[in-house]
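Here are a few exercises for you to try on a protein chain. Have a go at each task before you read the worked solution.

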Amino acid sequence: MPDRAIFLPDLSRLVIADLHLGKGGAFRTSGLAIPTGGTRDDLSRLARLVVQTGCRELLVLGDFLHGRPQPGADSAWNTFRTAIPDVAIRVVAGNHDRALRAHDYGIDLVADPWLDGTLAYAHIGAPEPPAGAGFTLSGHLHPVAKLPGLSRVPLFWLQPHALVLPAFSGFTGGYPVPTRSLTGWASDGRTLVPLGSPRHPANARNAVGGEHSAGDTII
């Protein structure tokens, strides 16, 4: 979906990655002059997607939180959660989720990777899916594409056996995927632009495996 999400209609499952709840508040606590409202905007977008799809389940592929709980962000989440009591919410814990306590947010934590049928769901993906799965959906990298005439835009980065979702949060850095590896769908928030086709798992081994190189801007 153009707004940085995937909907699996047969499972009635909406999938996002890297919500980074409370990131702006964490930065403000550290003394940085970050505008307020980022978490509210992200959750407003997410609420629209839940209504649009009519999903019965929301799955977050890691980095549900950005760090320590933030009172303002927690309040916004509680409002969001209360509005969709019948939607199950599952989270694959990410590297920013050390302080995440499932009962505080009305969510269920699942294993990483979490296998459901032939799909595996992970925070940090791998070039090959785990045993028993045929394809992996993951997050963590915040992939972005630089297209002619446009600034960097979120990218659903397709590999032969995996798809790396862009960060759902609007307040994130991004991993600029090299031009030779631009495969998948770029999004400007309104439309999806298909880019190339995956060639060989080796093209994605380092990036999909979660290793960052010098110059990456993921924070």
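Before we start: a residue is called buried if its relative accessible area is under 20%. Keep in mind, too, that this is a predicted model.

**Exercise 1. Find out whether H140 and S12 are buried or exposed, and look at their backbone angles.**

Solution.
- Step 1: H140 has a relative accessible area of 9%. The cut-off is under 20%, so H140 counts as buried.
- Step 2: S12 comes out at 5%, so S12 is buried as well.
- Step 3: Now find them in the chain. H140 is in the loop between β8 (135-138) and β9 (143-146), while S12 is in the loop between β1 (6-8) and β2 (13-16).
- Step 4: Check the phi angles. H140 has a phi near 80°, and for S12 phi is near 50°. Both values are positive, in residues other than glycine.
- Step 5: Why bother to point that out? Most residues other than glycine have a negative phi.

**Exercise 2. Work out which peptide bond is cis, and where its proline lies.**

Solution.
- Step 1: Start from the general picture: most peptide bonds are trans.
- Step 2: Now go to D112 and P113. The bond that joins them is cis, with omega about 0°.
- Step 3: Place the proline: P113 lies in the loop between β5 (108-110) and β6 (114-116).

**Exercise 3. Describe the surroundings of H123.**

Solution.
- Step 1: Locate H123, which is in the loop between β7 (119-121) and β8.
- Step 2: Its relative accessibility is 2%, so H123 is buried.
- Step 3: Look for polar partners of the side chain. A polar atom of the H123 side chain lies 2.9 Å from the backbone oxygen of L61. The side chain of H123 also makes a polar contact, at 3.2 Å, with the side chain of H140, the buried residue from the first exercise.
- Step 4: Widen the view. Leaving aside neighbours within four places in sequence, H123 is in contact with residues including D18, D63, N95, D112 and S138. You met D112 already, at the cis bond.

**Exercise 4. Say how many aromatic pairs there are, and describe two of them.**

Solution.
- Step 1: The count is five aromatic pairs.
- Step 2: Take W77 and F80. Their ring centres are 5.0 Å apart and the planes make an angle of 40°, a tilted pair.
- Step 3: Why is this pair about one helical turn apart? W77 and F80 are three residues apart in helix α3 (residues 71-83), so about one helical turn separates them. Both W77 and F80 are buried.
- Step 4: Compare W114 and Y121, another tilted pair, with 5.4 Å between centres and 35° between planes. W114 and Y121 are buried too.
- Step 5: Go one step further with the ring pairs: they link F64, W77, F80 and Y105 into a cluster.

**Exercise 5. Find which residues touch the most other members of the largest nonpolar core, and what supplies this core.**

Solution.
- Step 1: The largest nonpolar core has 26 residues, and L19, L21, L58, F64, W77 and F80 touch the most other members.
- Step 2: Elements that each supply at least two residues include β2, α3 and β4 (88-92). The most comes from α2, with four residues.
- Step 3: Another core, of 16 residues, lies apart from this one, and I6, V92, L158 and L163 are among its members.

Definitions and conventions: Residues are numbered from 1 along each chain as its sequence is written. This is a predicted model: local features need pLDDT of at least 70, side-chain atom pairs count only at pLDDT 80 or more; totals for chains, interfaces and linings use all residues. Side-chain values use heavy atoms; hydrogens and water are left out. Buried means under 20% relative accessible area, exposed over 50%, partly exposed in between (1.4 Å probe, protein chains only). Rings of Phe, Tyr and Trp (its six-membered ring) pair if their centres lie within 6.5 Å; planes under 30 degrees apart count as stacked, over 60 as edge-to-face and the rest as tilted. A polar contact is a pair of N or O atoms within 3.5 Å; within protein, one must be able to donate a hydrogen and the other to accept it, and residues adjacent in sequence count only if both atoms are side-chain atoms. Contact means heavy atoms within 4.5 Å. A nonpolar core is a set of buried Ala, Val, Leu, Ile, Met, Phe, Trp, Tyr and Cys residues joined through side-chain atoms within 4.5 Å.
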